[in-house]
Amino acid sequence: MQVSSLNEVKIYSLSAGRSLPEWLSDRKKRALQKKDVDIRRRIELIQDFEMPTVSTKIRVSRDGQYIMAVGTYKPRVRCYDTYQLSQKFERCLDSEVVTFEILSDDYSKIVFLQCDRYVEFHSQHGHYYRTRIPKFGRDFSYHYPSCDLYFVGSSSEVYRLNLEQGRFLNSLQTDASENNVCDINPVHYLFATGTAEGKVECWDPRTRNRVGLLDCALSSVTADTEIDCLPSISALKFNGALNMAVGTSTGQVLLYDLRSSNPLIVKDHQYGLPIKSVEFQHQLDLIISADSRIIKMWNKDTGKIFTSMEPEYDINDVCLYPNSGMLLTANEAPKMNIYYMPVLGPAPKWCSFLDNLTEELEENPESTVYDDYKFVTRKDLENLGLAHLIGSSLLRAYMHGFFMDIRLYHKAKLMANPFAYEEYRREKIRQKIEETRAQRVQLKKLPKVNKELALKLIEEEGEEQQATRKRKQKNLPSLLKDDRFKVMFENPDFQVDEQSEEFRLLNPLVSKISEKRKKKLKLLQEQEAQEQEEEEEPEGKPSDAESSESSDDEKGWVEEVRKQRKLLRQEEKVKRQERFKEDQQTLLKPQFFEIKEGEEFRSFKDSAKKQKLMKKTLGDRLKLEEKLGTLDVSDTTVGSKQATFRLKKSEQQKKQHEAEKQHRQERKALRRSASHLRSKHGRGRRFH
């Protein structure tokens, strides 16, 4: 029994027992059935439930006791008694059956529509009567109140055959060129036919007048569908008094309310294949629609997929066993499939043991692989020393490897690897060693960029985790695992420059701490290497000593800041001397310049200096101005810098300043001479 599951719906395939490879001959299969108990006990629900070549249609009688199927070749009908779980009879026919209908509750009255325009009637004993219709038929329906058979086919007319009178009645004239399918509503007996133009015509059998017309082809085309031709009607089914499902040749199923011309829902199978059958499941309000490739079950209110099945062979017809979870299919293969879904309903009363069987299977699930055969690759064969068997009957080529008997595989494996116990023992020892290593300090992988910063964060995390454990608080998220700071440890542009002035002033103890981290990294790498070589763990510094040293470093923070400032000043002096030497060594080459119109020429010196200054960066210009004395840079106590600029005076301002200075000196001299003359004049007056 094969089990599949889609959307958590278990589907049991009762027509297939334990899986066997297709390339096994019938003789080997029979031998396996004799030897293997599992194959002999596989479920064959109905004996010989198959056709010689192909099965085309399948039906269940109204009393649920008989299952009837038609197929080829030769054209025949087979009836199966479910109470006996075997075939009741088989009848061969003169031509292939297009469709058939069981008119009675059992198999006593059957009507067959054949491909050569003949309509054949069978009774309980066998063939009863045969007649012919004017055109090739495609489908028919039986109207119980009037005992009329309505035939549709490659004609615009709907032929009526009355079984009570035994004669043809007046035909119904439709507007279509051809009619594909038809159905009669079981409640109010409204007759509907699906046309090749994609329309559904509804007729009242009492008045023989058309009472409605639905354009399903136009409604089936949505924005997402792509069609190459006009959709025709390929399936039709009534549900109750008001609902009707229509299947098109382009793979759409439309659900209608007879009171509206617009569909309630449109479901696309997405395969572009004609819909073969449409059934209603009343317990869960599902619609079961099938094309030649897939059977889909979906909710009729929302259109949501409930489950689906894709048989191995193309589907010709689908029949739902009444009031149960059993589904029967006619396929393009000899075997007719039987599916059982416990979700849809219980098993029929003639096979009630299926419920207990499926419950046991759900408790003890089995694999559906080939249990007697092992799949091996060419490399596996070389390892086992069986490469010389390639091409022999012991190996069966399949995809990228071979199938071989499982017993041969086990024997070869034992011979090729006699020390399996030693390998098992080594594996157990390795597991024990790994358990002991887990208690040691594990070296975490550091990023390529900002390794020391990452190590610092890891150490801080460890300390925080210990503190939170004591306080019983939640751990904060790590920066290393945060996606917002991910680039800082991947992009080299974010590498921290530890030699820069800002970093050294803000982190005066970074040199000592970085040296410690480097030592720790080295110790951890050595430890990892020794673990790989299975050597003893090296003893490192205790954590108490490190913490005491870090506290001493914090006390000497001020002294370290002063030392760093002195070092920075010395480095700055050395850089100035080197730049001064470079400036002296540079030789100036003669250059020619062109003066633009409207500009005055003052001197080569000013223009050359301006051009040089414009080419230099902002940092170089600031340093040059600092050298000339127009800029003064000083460090603050916090570690930042303070710059003071002095404006440089022009030549005109200098001349004006000198003139003012000379003018002040002349005025001072005049004042002195005037005061001297006054003093002399006062003395002469006194003498006289």
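**Sheets and salt bridges in a predicted model**

Glutamate 120 has a relative accessibility of 4% and therefore counts as buried. The model in which this residue sits is predicted, and glutamate 120 is a useful place to enter it. The side chain of glutamate 120 forms a salt bridge with that of arginine 130, at 3.6 Å from N to O. Because glutamate 120 belongs to strand 9 (residues 118-122) and arginine 130 to strand 10 (residues 127-132), the pair ties together parts that are ten residues apart in sequence. Arginine 130 has a relative accessible area of 27%, so this partner is partly exposed. The pair also belongs to a network: salt bridges with shared partners join Asp94, Asp116, Glu120 and Arg130.

Side chains of opposite charge can pair when their charged atoms come close. The count of salt bridges in this model comes to 15, and two others are described below.

One of them joins arginine 160 and aspartate 148, whose side chains meet at 3.7 Å, N to O. This pair links distant parts of the chain, with arginine 160 in strand 13 and aspartate 148 in strand 12 (residues 148-153), twelve residues apart. Are the two partners buried or exposed? Arginine 160 is buried, as its relative accessible area is 5%. Aspartate 148 counts as buried too, because its relative accessibility is 4%.

Strand 13, which covers residues 157-162, also contains asparagine 162. At a relative accessibility of 4%, asparagine 162 counts as buried. A polar atom of the asparagine 162 side chain lies 3.0 Å from the backbone oxygen of serine 146. Leaving aside residues up to four places away in sequence, asparagine 162 touches Ser146, Cys147, Asp148, Arg167 and Leu169. Asp148 thus appears among the contacts of asparagine 162 and is also the salt-bridge partner of arginine 160.

The other salt bridge lies further along the chain. The side chains of aspartate 204 and arginine 206 meet at 3.2 Å, N to O. Aspartate 204 counts as buried because its relative accessibility is 15%, whereas arginine 206, at 70%, counts as exposed.

Aspartate 204 leads into a sheet. Strand 17 (residues 199-204) runs antiparallel to strand 18, and six bridges join the two. The bridge partner of aspartate 204 in strand 18 is asparagine 209. Aspartate 204 therefore has a buried position, a backbone partner in the neighbouring strand and a salt bridge to arginine 206.

Strands 17 and 18 are part of an open sheet of four strands, which has antiparallel pairing and the order 15-16-17-18. Its edges are strand 15 (179-184) and strand 18 (209-215), each of which pairs on one side only. From one strand to the next, the twist averages 20 degrees.

Another open sheet has five strands, again with antiparallel pairing, in the order 1-2-29-28-27. The edge strands here are strand 1 (2-6) and strand 27 (315-320), and each pairs on one side only. Neighbouring strands of this sheet are turned by 25 degrees against each other on average, direction ignored. What joins strand 27 to strand 28? Five bridges do so, and strand 28 (residues 326-331) runs antiparallel to strand 27. Within this part of the sheet, aspartate 317 stands opposite alanine 330 in strand 28.

These local details belong to a protein with 15 helices and 34 strands. Of its 688 residues, 35% are buried. Among contacts between residues at least 6 apart in sequence, 44% join residues at least 24 apart.

Confidence is a separate matter. The mean pLDDT of the protein is 79, and 75% of the residues reach 70 or more. Over residues 534-550 the pLDDT stays under 50, and for this stretch the model has 13 contacts beyond four places in sequence.

Technical notes: Residues numbered from 1 in each chain as written. Predicted model: local features only at pLDDT ≥ 70, side-chain atom pairs only at ≥ 80, totals over all residues. Heavy atoms only, no water. Pairing = 2+ DSSP bridges. Axes fitted to C-alpha atoms, helices over the stretch in contact; angles between N-to-C directions. Buried < 20%, exposed > 50% of the residue type's maximum accessible area, 1.4 Å probe, protein only. Polar contact = N/O pair within 3.5 Å; in protein donor to acceptor, adjacent residues only side chain to side chain. Contact = heavy atoms within 4.5 Å. Salt bridge = Lys/Arg side-chain N within 4 Å of Asp/Glu carboxyl O. pLDDT = per-residue confidence, 0-100.
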